[in-house]
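Q: I am new to this structure and would like a close look at one part of it. Please take me through it step by step, in plain words.

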Amino acid sequence: NHIKKYFPIKAGLLSRVIGHVKAVDDVSFGIRPGETFGLVGESGCGKSTLGRVVLNLQRATSGEVLFDGTNIHQVNRQENLKLRRDMQIIFQDPFGSLNPRFLVSDIIGEPLRVHLRASAKEIDERVVELMSLVGLDPSRRNRYPHEFSGGQRQRIGIARSIALSPRFIVADEAVSALDVSVQSQVLNLMMKLQKEMGLTYLFIAHGLNVVRHISDRVGVMYLGKMVEIARTDDLFAQPLHPYTAALLSAIPKPTPHRRQERIVLQGDVPSPANPPSGCRFHPRCPMAQERCSKEIPELIEVGQDRQVACHFPLA
Ligand code: SF4
Ligand code: MG
């Protein structure tokens, strides 16, 4: 609710604060139990920061995060430990996020050692089980990450993230570094695990095509703001925000005669340290009118399960 995350910009020898990067600027949204909520936007729009704030890996500047109705910033030590088990993250880089000096069995078993103080034998049994669950050969558990392919390394990261049987997982660009064919295998694995374990996902990606098959609903971010939230099918059938329409038009269509005009956005993404007035998208928006540079459009309900932040929504 009303999440803001501002990073100070420091300058000079005295590191004086000369401004703030408004990475996330007053964002409210909800994720329902068992669903996959896709979160998309160009790099620098604040989606990763929002994911980290939701997990309490980063403290929000203001606003609150509720998990099952509990404010995750106001829990005692014991509740916090439980939350840490319930909420996990899968990172983008299957290379950088796995310690190259650790055996795969140590990497997957680490959360069990830290959180459950499990014995070596218990950990080994669970690692075998987890590796089978994510489609890895458990007999390779005492090898190093570099002996595995990119897709396999992402499976190692997934095995680690589900080791403590969490309920909620943030996947931050979990498949972005992988080849397209490997991407769909990892997405299928994530959907299988979701069904079997009753998981809820916040699935972060920069492109809409990646979130399409896995997401029940999609939120689109632009420069620290949520600009549209809709059911996936509705969003693809009829985007209401001009920015969503531009993102959609960038996806190559398989059927050439149904191709819509590609909307090419003018200019670069402005800096989140100094965002444009009014609607932050107005300098690049093909639909912009005078009002757009003056008034900030609020994210409002415009239909069943549908919200948009635009003075002149499409449709
Ligand atoms: Fe474009 Fe105006 Fe809508 Fe912003 S409010 S997206 S500038 S039409
Ligand atoms: Mg990111």
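In which helix is lysine 192 found? Please start there and then show me the sheet and what lies around it.

A: Happy to help! This is a predicted model, in which local features need pLDDT of at least 70 and side-chain atom pairs count only at pLDDT 80 or more, while totals for chains, interfaces and linings use all residues. Residues are numbered from 1 along each chain as its sequence is written, and chains are lettered from A and ligands numbered from 1 in the order in which they are written. The protein has an average pLDDT of 92, and 97% of its residues score at least 70; pLDDT is the predictor's confidence in each residue, from 0 to 100. The model's scores are ipTM 0.97 and pTM 0.93.

Now to your question. Lysine 192 is found in helix 6, residues 180-197. Helices (H or I, at least four residues) and strands (E, at least two) are DSSP runs, numbered from the N terminus. Lysine 192 counts as partly exposed because it has 13 C-beta neighbours inside 10 Å. A residue is buried if 20 or more other C-beta atoms lie within 10 Å of its own, exposed if 12 or fewer, and partly exposed in between, with C-beta atoms placed from the backbone. Between the C-alpha atoms of lysine 192 and alanine 309 there are 34 Å, with 117 residues separating the two along the chain. Alanine 309 will come up again below.

Next, the sheet. It is open and has eight strands, in the order 6-7-8-3-9-10-12-11, with mixed pairing. Two strands pair if DSSP finds at least two bridges between them. At the edges stand strand 6 (87-90) and strand 11 (300-303); each has a single partner strand, so one side of each has no neighbour in the sheet. On average, neighbouring strands here are turned by 25° against each other, direction ignored. Axes are lines fitted to C-alpha atoms, for helices over the stretch in contact, and angles run from 0 to 180 degrees between N-to-C directions.

Two helices that pack on this sheet are worth finding. Helix 1 (residues 47-54) touches strand 3 (36-40), strand 7 (168-172), strand 8 (200-205) and strand 9, and its direction makes about 155° with that of strand 8. Helix 5 (residues 150-162) touches strand 6 and strand 7, at about 175° to the direction of strand 6.

Follow the strand order to strand 9 (residues 217-222) and strand 10 (residues 225-231), an antiparallel pair with six bridges. Here glycine 219 stands opposite isoleucine 229 of strand 10. Strand 10 also holds methionine 226, which counts as buried because it has 27 C-beta neighbours inside 10 Å. Setting aside neighbours within four places in sequence, methionine 226 is in contact with Val27, Phe29, Gly219, Met221, Leu299 and Ala309. Contact here means that the C-beta atoms of two residues, placed from the backbone, lie within 7 Å. The C-alpha atoms of methionine 226 and valine 40 are separated by 9.6 Å, although the two are 186 residues apart along the chain.

Beyond strand 10 come strand 12 (residues 306-308) and strand 11, which run antiparallel and are joined by three bridges. Isoleucine 300 has valine 308 of strand 12 as its bridge partner. The two strands form a hairpin with two residues between them, and aspartate 305 in the turn has a positive phi of about 60°. Most residues other than glycine have a negative phi.

Finally, look at histidine 241, in the loop between helix 8 and helix 9. It is buried because 28 other C-beta atoms lie within 10 Å. Beyond four places in sequence, its contacts are Val220, Val227, Glu228, Val308, Ala309, Cys310 and Pro313. Alanine 309 is thus a contact of both histidine 241 and methionine 226. Helix 9 (residues 242-249) has Pro242, Tyr243, Thr244 and Leu247 as its buried residues, and their cover includes strand 3, helix 7 (208-212), strand 9, strand 10 and helix 8 (232-237).

Cys310 also leads to ligand 1, which is surrounded by 13 residues, the closest being Cys279, His282, Cys285, Cys292 and Cys310.

How values were computed: A residue is near a molecule or strand if its C-beta atom, placed from the backbone, lies within 6 Å of it.
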